[in-house]
Every structure is written in structure tokens, then in C-alpha cells.
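Reader: Please take me through one part of this model at the level of individual residues. I would like to know what surrounds it, and then how the helices that come before it in the chain pack.

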Amino acid sequence: MAKGRQPNGASSIYLGKDGRWHGRITVGVKNDGSPDRRHVSRKTRAEVTKTVRELERQRDKGAVRKAGQSWTLATWLTHWVENIAAPNVSENTIDGYRVAVNHHLVPGLGAHRLEKLEPEHLERFYKKMQETGSAAGTAHQVHRTLRAALNEAVRRGHAIRNPATIAKAPRLEEDEVEPYSVEEVQRLLAEAAKHRNAARWVIALALGLRQGEVLGMQWTDVDFELGVIRVRRGRLRPRYEHGCGNRCGRKPGFCPQKINVRRETKSVKSRAGQRPIGVPDELMALLRRHKEEQGRERALARDLWTEKGYVFTSPLGEPLNPNTDFHRWKVLLKAAGVRDGRLHDARHTAATVLLILGISDAVVDSIMGWEPGKSARMHRRYQHMTSRVLKETAAKVGGLLWGVDQMAGTAASEASQSPVPAELVVHVARLGERRVPLLYREHADEVVARWSEDWPDHTAEVEEWDRWRWEHQGPGGASEVRDRVPERTVVFHARALFLPGGERTATGLPEQWSVPAWDFETDAYTDRASSWRTARRPGTGQEVEAQVRGTDRAAIGAAFAEACAQAVDRAQNPGKYGDTDEW
């Protein structure tokens with residue numbers, strides 16, 4: 001009797017006209033609904049039968065690789081990071097993924113076939129990374145990125161297993177927490193008082209807010225009546241693209257007309273991260289003074305000020321760049337004579353003080369923004385302190401930052417030990433509401449005379465301050481005693497405002513003007529012949545402003561035309577420049 005036909009879906013083995021044995025196995029259904037039938041070919045019947053049976057076992061376990069593109073690790077990682085991860089994770093997270101993929105994984109492992117990647121390949125790669133200078137933390141971050149990418153490949157059927165879950169990850173040793181001592185904190189606070197945004201460092205040392213949380217803070221988050229700061233958002237690192245059409249030949253971040261295509265802040269998503277924090281009265285008073293000083297800066301900058309509501313800003317109202325903030329921390333440490341440390345060590349200091357004080361775990365979790373019940377490891381890290389630090393901090397913490405009696409004693413001690421004679425006088429040029437401290441009387445007189453010529457309707461006089469009194473009680477801002485007359489280079493400005501669609505609007509303000517550069521808090525306000533930028537004005541219905549400034553009046557005209565051209569294009573095409581409403 002002739003053998004009947006195999007039922008639909010069953011595997012078949014036959015000898016082909018080419019003299020080889022062939023097998024066909026149905027392992028599932030393709031995306032279009034047709035049967036996913038695989039073909040194998042071997043020299044002998046025994047070999048093809050063994051391969052067919054193995055595919056059937058994989059099919060029955062649901063472990064057959066999905067039909068379609070045969071991925072290399074490079075092609076999968078590139079697809080995953082840009083098309084799968086990027087739309088679904090935060091900006092900071094995707095930055096880390098891109099570094100791991102583009103700088104480490106693709107160059108080091110990219111040629112491997114996805115289905116043939118083995119744990120041993122990964123372990124050898126991690127070892128090589130560390131041998132060539134990468135830190136264990138870097139190799140560990142690369143491992144976590146690869147594990148996430150391959151988990152997605154398995155979930156989508158492009159790989160049968162994830163070798164990154166089997167491979168041994170690089171060993172990490174936690175760095176010992178080294179909070180600053182009482183004396184170091186006091187020196188930092190005394191030095192911070194000499195600079196702009198002094199309250200920024202007080203908040204870091206007293207409340208332990210993360211860098212992004214401080215830089216993303218807005219005045220609407222500060223409740224002066226209740227004495228509370230509400231943490232709601234974090235500052236994102238800018239990501240720049242060329243605004244010059246890539247003609248400058250520099251990297252986007254160094255382009256003179258660079259455009260930030262990333263939103264400035266993101267919401268703190270976790271419930272633990274979004275938290276109210278009670279603020280000491282002394283810090284609230286410092287924030288009030290800071291707000292007054294910011295109001296004077298706004299009035300001084302006039303129409304150059306961009307109002308976005310941030311607590312800590314540049315002299316023109318823009319939010320502070322995290323990279324610039326980090327370098328200012330390093331400068332502060334050096335100027336205060338304090339050991340070098342990470343910016344995050346300020347957070348360590350605040351957390352250690354809270355725990356040494358015996359504050360309950362629940363309250364510490366709330367202040368620091370740790371997940372309740374999941375922070376035991378963090379508590380162990382911060383509480384593992386030397387007895388010297390414990391005893392010193394416990395004895396002095398009552399007046400750690402603002403204790404009146406202790407601060408008076410410290411001030412007297414500093415005054416007695418100061419190499420500067422107590423009778424030394426600081427000559428302060430009072431220019432309206434602003435004070436510029438100068439070492440020499442003739443310099444103060446010259447600054448007052450110059451300022452009086454430019455602003456005849458405003459008060460200008462020389463005040464004499466005791467050196468210690470100025471250092472400890474003088475107003476913030478330009479508090480460093482100068483040994484030279486501030487630069488008086490005249491800076492020329494031009495501006496224009498455009499409505500959505502590109503139509504220019506009259507603002508009632510002068511289109512062009514000039515102002516002495518030393519009227520601004522920074523002496524290096526600008527030293528370029530001309531520079532320009534465009535910016536969307538928040539809260540104005542997508543209006544775009546073109547601004548030009550520089551020391552060469554003749555160069556301003558050409559730069560102004562270029563700035564206006566981009567402003568028109570930006571007003572007509574806001575999406576092209578990242579001008580969304582998520583700011």
C-alpha cells in the first residue's frame with residue numbers, strides 16, 4: 001500500500017535531486033499569519049533527522065529563534081538603543097545607554113551573531129575593559145546595558161537566551177562615604193558667601209538635595225510662609241546641535257550659535273523623589289536675600305534677562321548648566337582650603353548629620369528622597385563612620401551651620417588668627433543697590449565717578465567697612481575684595497522679537513543700546529566683537545527673541561541680520577529647534 005501524505009504541519013525528511021537529505025519543520029506562525037516552516041539540509045539521513053528532532057524540541061519548549069533578520073550584536077544594540085529604549089526612558093538614562101553601546105559594546109563585541117554570543121565572550125570583554133583603563137563601575141554599567149538590551153531581544157524572539165544573565169558581572173566595591181567635618185562645612189559656607197548663588201551650596205550641605213534637584217528648583221517650589229521647599233523636578237544636562245548649519249567646524253557644544261534641543265527639566269517621577277522638605281529659618285532668610293539679589297540682577301540685565309522662574313540662574317536668568325555648577329564646586333573647595341571631593345559628598349554630609357542626630361529612618365528617607373523600606377543599604381553606608389567624626393559632629397551639630405554662640409566664637413577665633421590686621425578697611429563703592437568692595441580708596445573713588453557719569457540719577461558713594469565685617473556680614477554678589485578697577489568695556493546690544501509665524505513685533509523697548517560691561521556681576525560679560533543667539537520666551541505664546549551683543553559696534557549689524565533670520569525660522573518651525581511646551 002502506498003504511503004499517505006504527511007498531515008499539515010508535520011515535519012518531513014526526503015532525499016533531494018541534489019543528492020543531499022532535506023528536512024522541513026513547522027515551528028510556528030509568521031507575522032503575516034503564514035506557517036513558519038524551516039528548512040535544513042545535511043549529507044546523510046541520520047544527520048538531518050537529528051537536526052529536525054532538535055528543532056522540534058526547541059519548538060515544543062518555545063525556544064526557537066524568531067524568523068527574519070539574522071542580527072549581529074552591533075545591529076541589534078543600535079536598533080535597540082535608538083528605536084526601543086530612547087522613546088521609553090529618561091534623557092539621562094539614554095545618554096548612559098548610548099555611551100555603553102557606541103563607545104564600548106559595538107567596537108568590542110559588535111561582530112558576534114546574537115544567537116552565538118556566549119557568557120565567556122562577555123567576561124573576557126569586561127576583563128579587557130578594565131585592563132585597558134576602564135573603571136570597574138564603567139564595566140558594570142556596560143554589563144547592565146547589555147543585559148537590558150538582550151532581555152528585550154529574548155522577549156521579542158530574536159534570541160533564545162540572554163548570556164548576560166549568566167556571565168559574571170565585574171565586581172564593584174562601594175566607595176567609603178567621607179562626609180565633610182564641621183570645620184570643613186563652616187569654611188565652605190564662609191567662602192560660598194563671597195560668590196553668586198551662595199544659597200545653592202548651603203542647600204546642598206544642609207538639606208542634601210541632589211545637583212539636578214537644586215538646579216531645577218523654581219521659586220514656585222519655595223513656600224516662605226510654611227518654611228518648606230517642595231522637590232518636584234530635576235535639571236537635565238543640555239544636548240546641543242549646531243545653529244550655524246555645521247559651518248563652524250566645532251563640536252555642537254562649542255558652536256557659537258549652538259541650540260539646546262533638550263528640555264531643561266524633567267519631573268521627579270518616583271513618589272519618594274517628589275517630597276516636601278522643612279527648611280531652617282536661617283536658610284529661609286538666606287533664600288529671601290538671594291531672591292532680592294536676583295531681582296537686582298534682573299533690573300540690571302534689563303531686556304537681556306530671560307525669566308524662567310529658576311531659583312539659581314546665570315546673570316541673565318538662564319538655568320545653570322550642571323557641568324558649570326560642578327566646576328564651581330571644585331573652585332569653591334580650592335578657595336576654602338577644603339580637601340577635594342565630589343559634589344555628591346555634600347549630600348553625604350547632610351545625610352550623615354541626620355543619622356547621627358538620631359532622626360528616624362522614615363524622616364531621613366523622606367528628606368533624602370530614598371524609597372521607604374528599601375534604603376537599608378544606604379543607611380549602612382552613611383552610618384559606617386569613624387568614631388572621631390561621630391564624636392565631633394555630635395558635639396557640634398547644634399550649631400553646625402548657624403548656631404549663634406558657636407558662630408560668634410568661631411568668628412572671634414578666625415579674627416584673632418587672621419593674618420590680615422583687624423584695622424584694615426575695605427573701600428566699598430556703593431552703586432545704587434549694588435556694592436563693589438575694593439582694596440584701595442582711589443579705585444573706589446574712580447568706580448563711583450565713572451558710575452555717576454553713566455547713571456547720574458542714582459546714588460553713588462564710597463563706604464568704609466571693616467575687613468572682617470565685610471567678609472561675614474556684607475551682602476552677597478560681588479563680595480570678593482578687588483585689587484583693581486573693574487573693566488569698563490562698553491558692550492553694544494541689539495534685539496528683536498518675533499511672533500509665531502515669523503512676524504516681527506514692536507516691544508516698546510529700544511532696539512539697540514550700549515552699557516558698560518562692569519555693570520554686570522561678571523567682568524567677563526563678553527569679550528567678543530559680536531555674538532548672537534535666539535531663544536523662545538516662555539509664557540509668551542511661542543514668541544522668539546533674537547539677541548546680539550559685542551564690543552564692536554560695526555560687527556553688530558551683520559550678526560543682527562543673521563540672528564533675525566534664524567529667529568524667523570525658529571518662530572515658523574518650533575519643532576525643528578526643540579521648542580516644545582515641556583519646559
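**The loop between helix 5 and helix 6**

Author: Leaving aside neighbours within four places in sequence, Asn162 is in contact with Arg147, Leu150, Asn151 and Val154. The model is a predicted one, and in it Asn162 belongs to the loop that runs between helix 5 and helix 6. Is Asn162 buried or exposed? Its relative accessibility is 7%, under the 20% cut-off, so Asn162 counts as buried. The side chain of Asn162 also has a partner in the backbone: it reaches the nitrogen of Ala164 at 2.9 Å.

Arg161 is placed in the loop between helix 5 (136-155) and helix 6 (182-192) as well. Its relative accessibility is 36%, and Arg161 therefore counts as partly exposed. With neighbours within four places in sequence again set aside, the residues in contact with Arg161 are Leu117, Glu118, Pro119, Val154 and Ile166. Val154 thus appears in the list for Arg161 and in the list for Asn162. One of the contacts of Arg161 is polar: its side chain meets the side chain of Glu118 at 2.6 Å. Leu114 is 47 residues away from Arg161 along the chain, yet the C-alpha atoms of these two residues are separated by 9.6 Å.

Next come the helices that pack earlier in the chain. Helix 4 covers residues 119-131, and helix 3 covers residues 91-109. How are two packed helices described? By the angle between their axes and the distance between the axes. For helix 3 and helix 4, the angle is about 125° and the axes are 11 Å apart. The two helices are therefore oblique to each other, and helix 3 passes helix 4 in a right-handed crossing. Helix 3 supplies His104, Leu105, Gly108 and Leu109 to the contact, while helix 4 supplies His121, Leu122, Phe125 and Met129. By class, this contact of helix 3 with helix 4 has five nonpolar and three polar residues, and no charged ones.

As for the chain as a whole, it has 18 helices and 18 strands. Of its 583 residues, 45% count as buried, and Asn162 is in that class. Among contacts between residues at least 6 apart in sequence, 63% join residues at least 24 apart.

Definitions and conventions:
Residues numbered from 1 in each chain as written. Predicted model: local features only at pLDDT ≥ 70, side-chain atom pairs only at ≥ 80, totals over all residues. Heavy atoms only, no water. Axes fitted to C-alpha atoms, helices over the stretch in contact; angles between N-to-C directions. Helix = DSSP H or I, 4+ residues; strand = E, 2+ residues; numbered from the N terminus. Parallel < 35°, antiparallel > 145°, perpendicular 65-115°, else oblique. Left-handed = near helix turned anticlockwise from the far one by under 90°. Contact = heavy atoms within 4.5 Å. Nonpolar A, V, L, I, M, F, W, Y, C, P; charged D, E, K, R; others polar. Buried < 20%, exposed > 50% of the residue type's maximum accessible area, 1.4 Å probe, protein only. Polar contact = N/O pair within 3.5 Å; in protein donor to acceptor, adjacent residues only side chain to side chain.
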